[in-house]
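Hi,

Here is the structure I promised to pass on. Have a look at it first, and then read on for what turned up.

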Amino acid sequence: MSGPTKSMGVITVVALVMTTAYTVALGSNGLLWFGWVVLGLVTLGMAAADSVPPSVPRPGRGRPTP
């Protein structure tokens, strides 16, 4: 995993801990849990995109080779 993906994973875990603490202290808030689920899905998407090998550029596209 790359640096940004690891950082996003840490942020997701911290958000889960904070959401859980809020729920224990003040009661459940559906919007917080919805936000955490969206954050988790974005993190999973980043991890999936990070695990795909980079595609090889096609010849004749992009910058010409010297």
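Helix α1 has 24 residues and spans 34 Å from its first C-alpha to its last, which is close to the 34 Å expected at 1.5 Å a residue. Before you read too much into any of this, keep in mind that the model is predicted. Right after α1 comes Gly27, with a positive phi near 105 degrees.

As for the overall picture, the protein has 2 helices and 0 strands. Of its 66 residues, 9% are buried. The protein exposes about 5,400 Å², and 73% of that comes from carbon and sulfur atoms.

Now for the inside of α1. Which of its residues are buried? They are Thr5, Met8, Thr12 and Thr19, and these buried residues pack against α2. Two of them are worth a look on your screen.

Start with Thr5, which sits in α1. Its relative accessibility is 5%, so Thr5 counts as buried, the cut-off being under 20%. Leaving out residues up to four places away in sequence, Thr5 touches Met46, Ala47 and Asp50.

Next is Met8, again in α1, which runs over residues 3–26. Met8 has a relative accessible area of 17%, and is therefore buried as well. Beyond its neighbours within four places in sequence, Met8 is in contact with Leu39, Val42, Thr43 and Met46. So Met46 is on the contact lists of both Thr5 and Met8, because its heavy atoms come within 4.5 Å of each. If you want a distance to check, Met8 and Gly40 are 9.0 Å apart, C-alpha to C-alpha, with their positions 32 residues apart in sequence.

Pro4 also belongs to α1, but is it buried or exposed? With a relative accessible area of 54%, Pro4 is exposed, since the cut-off for that is over 50%. Its C-alpha lies 9.7 Å from that of Ala47, although the two are 43 residues apart in sequence.

Over on α2, Val42 is a nice one to pick out. Val42 lies in this helix, which covers residues 30–51, and is among the residues that Met8 contacts. Val42 is also part of a nonpolar patch on the surface, together with Leu31, Phe34 and Val38. The accessible area of the four adds up to about 400 Å². Why can Val42 be in a surface patch? Its relative accessibility is 40%, so Val42 counts as partly exposed, and patch residues need over 30%.

One more thing on α2: the aromatics. Searching the whole structure gives 1 aromatic pair. Trp33 and Trp36 make up that pair in an edge-to-face arrangement, at 6.4 Å centre to centre and with 75 degrees between the planes. The two are 3 residues apart in α2, so about one helical turn separates Trp33 from Trp36. An α-helix has 3.6 residues a turn, so residues three or four places apart point the same way. Both tryptophans are partly exposed, Trp33 with a relative accessible area of 28% and Trp36 with 23%.

Cheers

Methods. Residues are numbered from 1 along each chain as its sequence is written. This is a predicted model: local features need pLDDT of at least 70, side-chain atom pairs count only at pLDDT 80 or more; totals for chains, interfaces and linings use all residues. Side-chain values use heavy atoms; hydrogens and water are left out. Patches are made of residues with over 30% relative accessible area and no salt bridge: like charges are joined within 9 Å, nonpolar side chains (Val, Leu, Ile, Met, Phe, Trp, Tyr) within 5 Å. Accessible areas come from the Shrake-Rupley method with a 1.4 Å probe; for residues, only the protein chains shown count as cover. A salt bridge is a side-chain nitrogen of Lys or Arg within 4 Å of a carboxyl oxygen of Asp or Glu. Helices (H or I, at least four residues) and strands (E, at least two) are DSSP runs, numbered from the N terminus. Buried means under 20% relative accessible area, exposed over 50%, partly exposed in between (1.4 Å probe, protein chains only). The expected span of a helix is 1.5 Å times one less than its number of residues. Rings of Phe, Tyr and Trp (its six-membered ring) pair if their centres lie within 6.5 Å; planes under 30 degrees apart count as stacked, over 60 as edge-to-face and the rest as tilted.
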